[in-house]
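Subject: Handover of a structure

Dear colleague,

Please find the structure below, together with its sequence. A summary of what was found in it follows.

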Amino acid sequence: MRCRCLKVGTSEAERIRRKLLGMDLLDLDVRVRSKGGSILLPLNDIEIPYLSDMGEVVTEEMEPVNRPPRSYKDLLDIPSDLHKLLPSSHDIIGDVCILKLHRELEPYIGEIGNALLEAKRNIRVVALDKGVEGEFRIRNIEVIAGDPNLETTHVENNLRFKLDPSLVYFSPRLATERARVAGMVSGGRVLDMFAGVGPFSLNCSRHGKPDEVIGIDLNPDCIEYFQNNIKLNSASDNVSAYLGDANEASIGMGPFDLIIMNLPHGSMEFLPTAYQIMDEGRIHLYSIVEMTDVRSMIASILSSSDGYEKKLDISGMREVHNYSATRSMMVFDIIVKRDPLSI
Ligand SMILES: C[S@@+](CC[C@H](N)C(=O)[O-])C[C@H]1O[C@@H](n2cnc3c(N)ncnc32)[C@H](O)[C@@H]1O
């Protein structure tokens, strides 16, 4: 490209470059280069009379600056009224990018997928999230760009998880929460009731100090990946994975000192089982809660041990992430003690 430049001596080039920058006269989209013993500083279109006092104004062949695009949105040529509907966030599981799209963007899914592949070098495949379904909480996924193989390895808190997000549930958004729970484990036996591919179990094993961790899941694909992930993270000495229904499989496995209950749409139903396999200890219960219903949720938890000879205390609760405009996924840290009145 031909560009108007200020040709200056090497020794004063930096001083003049800064001066032009301060006066908003430098063309930042064009690369500065040297020619002979001089430096060529590209100029924008503003005409000012005293430029020649600083150097010689010349027209030269110059190179544009190759800036990486700021966002995949910059690479898309779609109508401006649809541009504002483009999502700013997405999940990245290993090298798989998963995003939700507004219905009006559907005609452009191919372009959007390719723009994401181009903008994010660490992504191999882009897939559309059409919602989580069924008992196994699996996402309905449609590949929109890249390699259609969805099996990937996700790194979280120094652990590796191999999984296919179209076959098993996995959320990368829980990494901080899993580290928090793991950090609270000091000795004892841990039960991960709805273990998926093992992220809570393996975080506890690696970053806590459990004697033993047992994970259960109903989805055979989860257990296959979980067993593989135990080996991948060299955790076979204290972690094991079992296929089955948490209510049935856990009876006879106790007593446990810590129970993780990450089935946000149904954890409450499994609390009676937890009381039968825990003498005293702690439960981390995850639940999707309407924000106006937090008080009644606390009351339901506290009354759930009636008839099980346990006394409960909620030692902490927090929002893990928002779920919808009015609902959040929350964690309740429940301390379980034997009820002295029942002895
Ligand atoms: C929300 S996912 C949580 C997975 C895992 N804890 C994680 O953080 O990735 C819930 C899991 O519970 C499993 N599940 C559903 N009902 C179950 C049951 N009755 N017993 C055992 N697992 C169950 C599903 O297959 C799914 O993998």
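**The open sheet and its helices**

Strand β11 (residues 189-192) and strand β14 (residues 258-261) run parallel and are joined by 3 bridges. Here helices (H or I, at least four residues) and strands (E, at least two) are DSSP runs, numbered from the N terminus, and two strands pair if DSSP finds at least two bridges between them. This is a predicted model, in which local features need pLDDT of at least 70 and side-chain atom pairs count only at pLDDT 80 or more, while totals for chains, interfaces and linings use all residues. Residues are numbered from 1 along each chain as its sequence is written.

Within the β11-β14 pair, leucine 191 stands opposite isoleucine 259 of β14. Both strands belong to an open sheet of 7 strands with mixed pairing, in the order β13-β12-β11-β14-β15-β17-β16. At its edges are β13 (239-243) and β16 (310-322), each of which pairs on one side only.

Helix α5 lies across β11, β12, β13 and β14, and runs at about 175° to β12. Helix α6 (residues 220-232) also packs on the sheet, where it touches β12 and β13, and its direction makes about 165° with that of β13. Contact means that C-beta atoms, placed from the backbone, lie within 7 Å; axes are lines fitted to C-alpha atoms, for helices over the stretch in contact, with angles from 0 to 180 degrees between N-to-C directions.

**The ligand shell**

Of the 22 residues around the ligand (C-beta atom, placed from the backbone, within 6 Å of it), Phe194, Gly196, Leu218, Asn219 and Ala246 come nearest. Both α5 (199-207) and β12 (212-217) supply at least two residues of this shell.

**Asparagine 247**

Asparagine 247 lies in helix α7 (residues 246-249). This residue counts as partly exposed because it has 15 C-beta neighbours inside 10 Å; 20 or more would make a residue buried, and 12 or fewer exposed. Leaving aside residues up to four places away in sequence, asparagine 247 touches Phe270 and Thr273. Methionine 193 is 54 residues from asparagine 247 in sequence, and their C-alpha atoms are 8.6 Å apart in space.

**The N-terminal strands**

Strand β1 (residues 2-9) runs antiparallel to strand β4 (residues 56-61), with 6 bridges between them. Lysine 7 has glutamate 56 as its bridge partner in β4. A further 5 bridges join β1 to strand β3 (residues 38-42), again antiparallel, and there glycine 9 stands opposite serine 38.

Yours sincerely

Technical notes:
Two residues are in contact if their C-beta atoms, placed from the backbone, lie within 7 Å.
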